[in-house]
Amino acid sequence: MKGKIVLITGVAKGGISYETCRVLLSLGAVVVMTMRNVKSGEETRRELIKESKCLEEQAHVLSLDLADLRNVERFVEVFKTKFNSTCHVLINNAGLYNPLAKLTSDNIESHFGVNHLGHFYLTELLMDVLVKSKTRVIVVSSKLHEYYTPSEKLFTTKEEFYQNDGSKSKNDLYSRSKFANILYCKKLDRIFQEKDTSNDRACCVSLHPGLVTTSIATHGSFRTILLYKFLALISKDKVHGAQTSIHCALIDRSEIKGGEYFKDCAISKSNPLTNDHQMQDDLWELSLELISLCIKK
Ligand SMILES: NC(=O)c1ccc[n+]([C@@H]2O[C@H](COP(=O)([O-])OP(=O)(O)OC[C@H]3O[C@@H](n4cnc5c(N)ncnc54)[C@H](OP(=O)(O)O)[C@@H]3O)[C@@H](O)[C@H]2O)c1
């Protein structure tokens, strides 16, 4: 990993991202960590430099709010300028699980907006960089996507996603966004394949980190919080929770075909519906439509 540029979204001291960054920094990577609060991010950066014993210039913090598409545009400009339009590994790690969250600042249902659309726009704007750098894109999804059963036409109309606070399907919002993560991963890999047929082309994989004790589920009703306190008893810690992300970043390129879903550091089966090319294409088209609506405002 020496000298390789890794971009990872949503780095938090209490998240699986922290251990992922620590390991990659200790292996010599240049790690660009995005955070919403860069002030506290600087403290996290300091601790990571100390724990990984890496050089100061390996660890960087940049501001990114995935709930604001204009902010994503500004971020991409800064990233391209600072890192010479190069990115060897992109880890779409940031995630929102908050039953109280309604709409993003662009009026998109929040879970879909942050977990899928913000990352979708990020990769769209970075597409030339990803193809040129032959980037490995790693999408942190969730096992919860496996239980999600969308209607065949879900991604053909914007009404469920735009200016809709999601009250119709409250319990499914997170799973729906994580299902979208996998459809998107498979479609992105198909696009990379169309643009470059070489064996070391850019590729995309997704993963489930396991049930991990982090701060992601600290919002919501008393019942939800209590449930997560109970689940913490059987959860992985953050070090173990980071292992599949680290595995996907480090395995040899020859072990990746593209589009695979990983669990416990091994290839696993995602919900069979995620293999539906039509649904992957519908999600892609819908995402472009939503972005043009939001950016026009
Ligand atoms: N923990 C689990 O059991 C579990 C299971 C399956 C999948 N996952 C997935 O693993 C990934 C990492 O989660 P984690 O468990 O490590 O939780 P975490 O520590 O809460 O990390 C989530 C990160 O996403 C960031 N984020 C939230 N909204 C954002 C926005 N609008 N723009 C930019 N960043 C934003 C958070 O930033 P702030 O600190 O500013 O809020 C935080 O850094 C997520 O994608 C999650 O869905 C976790």
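**Exercise 1. Describe the surroundings of the ligand: which residues come nearest, and how does the shell divide by class?**

Solution. Of the 27 residues around the ligand, the nearest are Gly10, Gly15, Gly95, Thr214 and Ile216, where a residue counts as near if its C-beta atom, placed from the backbone, lies within 6 Å of the molecule. Sorted by class, this shell holds 14 nonpolar, 11 polar and two charged residues; here Ala, Val, Leu, Ile, Met, Phe, Trp, Tyr, Cys and Pro count as nonpolar, Asp, Glu, Lys and Arg as charged, and the others, Gly among them, as polar.

Before going on, note that this is a predicted model, in which local features need pLDDT of at least 70 and side-chain atom pairs count only at pLDDT 80 or more, while totals for chains, interfaces and linings use all residues. Residues are numbered from 1 along each chain as its sequence is written.

**Exercise 2. Decide how helix α1 sits in the structure, and follow Ser17 and Cys21 outward from this helix.**

Solution. Begin with the terms: helices (H or I, at least four residues) and strands (E, at least two) are DSSP runs, numbered from the N terminus. A residue is buried if 20 or more other C-beta atoms lie within 10 Å of its own, exposed if 12 or fewer, and partly exposed in between, with C-beta atoms placed from the backbone.

Next, count: 10 of the 11 residues of α1 (residues 16-26) are buried, so the helix is largely enclosed by the rest of the structure. Ser17, which lies in α1, is buried with 30 other C-beta atoms within 10 Å. Leaving aside neighbours within four places in sequence, Ser17 is in contact with Ile8, Gly10, Val11, Ala12 and Asn93, contact meaning that the two C-beta atoms, placed from the backbone, lie within 7 Å. Ser17 and Ile246 are 229 residues apart in sequence, and their C-alpha atoms are 9.6 Å apart in space.

Cys21 is also among the buried residues of α1, and, residues up to four places away in sequence not being counted, Cys21 touches Ile8, Val11, Val31, Met33 and Leu48. The largest nonpolar core has 81 residues, and Cys21 is listed with Val6, Val31 and Ile138 as having the most contacts inside it; such a core is a set of buried Ala, Val, Leu, Ile, Met, Phe, Trp, Tyr and Cys residues joined through C-beta atoms within 7 Å. The largest share of this core, 10 residues, comes from α6.

Finally, α1 is followed by Gly28, whose phi is positive, near 100 degrees.

**Exercise 3. Work out which residues of helix α10 are buried, which are exposed, and what the buried ones pack against.**

Solution. Helix α10 (residues 277-296) has 20 residues and reaches 29 Å from its first C-alpha to its last, close to the 28 Å expected at 1.5 Å a residue, a span taken as 1.5 Å times one less than the number of residues. The buried residues of α10 are Met279, Gln280, Asp282, Leu283, Leu286, Ser287, Leu290 and Cys294. They cover an arc of only 155 degrees around the axis, which puts them on the same side of α10; the arc is that of the directions from the helix axis to the C-beta atoms. These buried residues pack against α3 (69-82), α4 (110-125) and α6 (173-195), whereas the face turned away from them carries the exposed residues His277, Gln278, Glu285, Ser292, Ile295 and Lys296.

**Exercise 4. Place Asn107 and Asp264, and state their phi values.**

Solution. Asn107, found in the loop between β4 and α4, has a positive phi of about 70 degrees although it is not a glycine. Asp264, in the loop between β7 (261-263) and β8 (266-268), is likewise not a glycine and has a positive phi of about 50 degrees.
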